[in-house]
Structures are given as C-alpha cells and as structure tokens.
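Trainee: Please take me closely through one part of this model, the disulfide and the residues beside it in the sequence. I would also like to know what their side chains lead to elsewhere.

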Amino acid sequence: MKTNIFKTIAILLIVAGVMACKKEKENNSSLQGSKWKLAGYVDAATGNRIDAEPADCERCYTLIFDTEMTASGYSVINQISVSLVSEKMFSVTTAVEDSMNGNVKLFYEAIETVDSYKYENAELKFFYNNKQNYLLYNSYIP
C-alpha cells in the first residue's frame, strides 16, 4: 500500500515538473537582448494606425533592450532611452533638431505622455494620451 502511494506521488511530481518546464518555455518573455522597431501610432479604441515615417530608414524608431527593464535606440536622428521602471519611460538623450523628418514630431509628442506598456505576442505597446493611443513596436531583426 505504501509503495503505491510513493509511486503515485513520484509520478505526480514528475508530471508537475514536466508541466512547469513546458510552461516556463512557453512564457519565455524576456526583453533583454530583444530588438524592436516602431510600426506606428495606434488609436486604442479603433485600432486605426498611422505608420511611422520615414519608413525606409533602417535604424529609425528602434529599441534594443540591454536589460529586462532598459533599452536604448533612435528616433530619426536623436538617441533615445527607455526605462520601464521610471515614471517617465522615454527620454531623448541627444538634442538634434529633426522634427522635419517624416512624422517624428508625433513620436516626440507621444513619448511625453507614455505612462504604461504591454508586452505580448512579439508586440510591445507603449500607451500614451491617457491610454487612448499607443506606440506599436514589433519585434525586429535587422
């Protein structure tokens, strides 16, 4: 009788271990080392999107996460940084006038009011304008 109980417990532990490993692999959602590119500015209510411009610029609107919570990248010309733990998530770290390029002015206006983010399914959303809009970043492989 005790042997059957021990066998049952052992089997349950093995099954639980396998399920935990499987779940961990499915939820491997580390941002560290990941690369992102802005797709556009999205209206959260309607889903309508304004594409980020200039569109033919490879390094424009990119982010690379050096840790799970911090990233650096570019707008069009300026360097930017992101901290997911600070109140002001986006910072422009250089000051070159580039508002005449594409719709980067929309980007600068948006990052001023970013207050939260959501990461799922190879999309990174930064919500701004009281969560009425978001910057949609897609996973990016240069």
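Mentor: The account that follows begins with the disulfide and then turns to other residues.

The model is predicted, so local features need pLDDT of at least 70 and side-chain atom pairs count only at pLDDT 80 or more, while totals for chains, interfaces and linings use all residues. Residues are numbered from 1 along each chain as its sequence is written, and side-chain values use heavy atoms, without hydrogens or water.

The structure holds 1 disulfide (a pair of cysteine sulfur atoms within 2.5 Å). Cys57 and Cys60 form this link, with 2.0 Å from S to S. The link is right-handed, at 75 degrees about the S-S bond. Cys60 is buried (under 20% relative accessible area; exposed is over 50%, partly exposed in between, with a 1.4 Å probe and protein chains only), because its value is 0%. Cys57 is partly exposed, because its value is 21%.

Glu58 leads to Pro142. Beyond four places in sequence, Pro142 is in contact (heavy atoms within 4.5 Å) with Lys35 and Glu58. Pro142 lies in the segment after strand 9 (133–139), and Pro142 is exposed, because its relative accessible area is 61%. Its C-alpha atom is 9.5 Å from that of Trp36, although the two are 106 residues apart along the chain.

Arg59 leads to Asp98. Asp98 is buried and has no salt bridge (a side-chain nitrogen of Lys or Arg within 4 Å of a carboxyl oxygen of Asp or Glu). Arg59, its nearest side chain of opposite charge, is 8.2 Å away. Beyond four places in sequence, the contacts of Asp98 are Ser75, Val76, Ile77, Asn78, Val104 and Tyr108.

How values were computed
Lys, Arg positive; Asp, Glu negative; His and termini not counted. Helix = DSSP H or I, 4+ residues; strand = E, 2+ residues; numbered from the N terminus.
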